[in-house]
Amino acid sequence: MVFFKVGAGLSAASLPTEFESNVTKINRASAINFRITSDKISRAQFYSRFTQHVPIVFACFGFVSQNSAVVELIPDSYFAPLDLPTIFNRVAPLEVDLGCGDGSFLTDLAERSPRRDFIGIERLFGRVRSACSKAARRKLTNVRVLQIENSYAVEYLFPRDSVAVFHLLFPDPWPKWRHHGRRVVTAEFLRASHRALVRHGEFRIATDQLDYFEQIRRRTSAAGFDELADNHWDSMPVTTFEENFSSQNTPVYRLSLRKVS
Ligand SMILES: C[S@@+](CC[C@H](N)C(=O)[O-])C[C@H]1O[C@@H](n2cnc3c(N)ncnc32)[C@H](O)[C@@H]1O
């Protein structure tokens, strides 16, 4: 048996027929593993036929992934703050979408604001891939997406005084009382966000969970943030989750904060 690991952008349909017929198991993870049995053709035959098609296979792979790969941010080090001017090749105000999901909000906002830079943080690979594809399709040079935990990114990857706006839109609600400890907005998270924000930087939060909203509000007032009355929510792009909530008439609670000390 021969195992091939190829990039996630390639599907079985793009393989030549003789390989397609030999694909016995397709396993999607961070890449697709093609398990190819050698009972129909010998290993030597397989290699010789496969190598004839290598340029086509890699051309397909390169075509699908080249732009998305530019959008996905893979830091040189996960133990040092990001070098933002090098990443974006300029110095511009930075907005960060924490838990950016499929990247709809991130890319809509970035398209509207070409003079600002945007980083989406998301822990799920599939959503990172969707967000990268959206940015690549629109040829947005001011967007990067990083697959990592929100709290880790805020605490360790954003330099002090580097972020103009954090967006935390519909964070996982963890409604059961015994799961409240998994909620992302903790005192430590707020302290780290405060440190990463520029002077008078903003933190915009929306949730459909009233008790989570109230908990966040109590915590932010003790963490060096002021509430802003005029928060321009109406002029912001709609997120994918927000769209679902509005179609079900679910109330949404919003908080706009400004760093004050
Ligand atoms: C309810 S969805 C909201 C997505 C998007 N903000 C929206 O409004 O459409 C929450 C998103 O945050 C991501 N997420 C949850 N916890 C996270 C964490 N600790 N670090 C990074 N991403 C996280 C989830 O994978 C999911 O995509």
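This section describes strand β5, the ligand shell and Pro 237 in a predicted model. Local features were taken only at pLDDT of at least 70 and side-chain atom pairs only at pLDDT 80 or more, while totals for chains, interfaces and linings use all residues. Residues are numbered from 1 along each chain as its sequence is written.

Helices (H or I, at least four residues) and strands (E, at least two) are DSSP runs, numbered from the N terminus. Strand β5 spans residues 117-122, and 6 of its 6 residues are buried, so the strand is largely enclosed by the rest of the structure. Here a residue is buried if 20 or more other C-beta atoms lie within 10 Å of its own, exposed if 12 or fewer, and partly exposed in between, with C-beta atoms placed from the backbone. In a regular strand the side chains alternate between the two faces of the sheet. Both faces of β5 are covered. Asp 117, Ile 119 and Ile 121 are buried on one side, and Phe 118, Gly 120 and Glu 122 on the other.

Strand β5 pairs with β4 (residues 94-98) in the parallel sense over 5 bridges. Two strands pair if DSSP finds at least two bridges between them. Asp 97 has Gly 120 of β5 as its bridge partner. From β4 the chain passes through helix α4 (residues 104-112) to β5 in a right-handed β-α-β crossover. Right-handed means that, with the strands pointing away from the viewer, the path from the first strand over the helix to the second runs clockwise. Strand β5 also pairs with β6 (residues 143-147), in the parallel sense and over 5 bridges. Ile 121 has Leu 146 of β6 as its bridge partner. Helix α5 (residues 125-137) joins β5 and β6 in a right-handed β-α-β unit.

The ligand is surrounded by 19 residues, each with its C-beta atom, placed from the backbone, within 6 Å of the molecule. The closest are Gly 99, Gly 101, Asn 150, Thr 239 and Phe 241. Strand β5 and helix α9 (240-247) each supply at least two residues of this shell. Helix α9 gives the most, with 3 residues.

Pro 237 lies in the loop between β9 (225-227) and α9. It counts as partly exposed because it has 14 C-beta neighbours inside 10 Å. Pro 237 touches Phe 105, Asp 108 and Leu 109, residues up to four places away in sequence not being counted. Contact requires C-beta atoms, placed from the backbone, within 7 Å. Pro 237 and Arg 112 are 125 residues apart in sequence, yet their C-alpha atoms are 9.4 Å apart in space.

Conventions
Contact = placed C-beta atoms within 7 Å.
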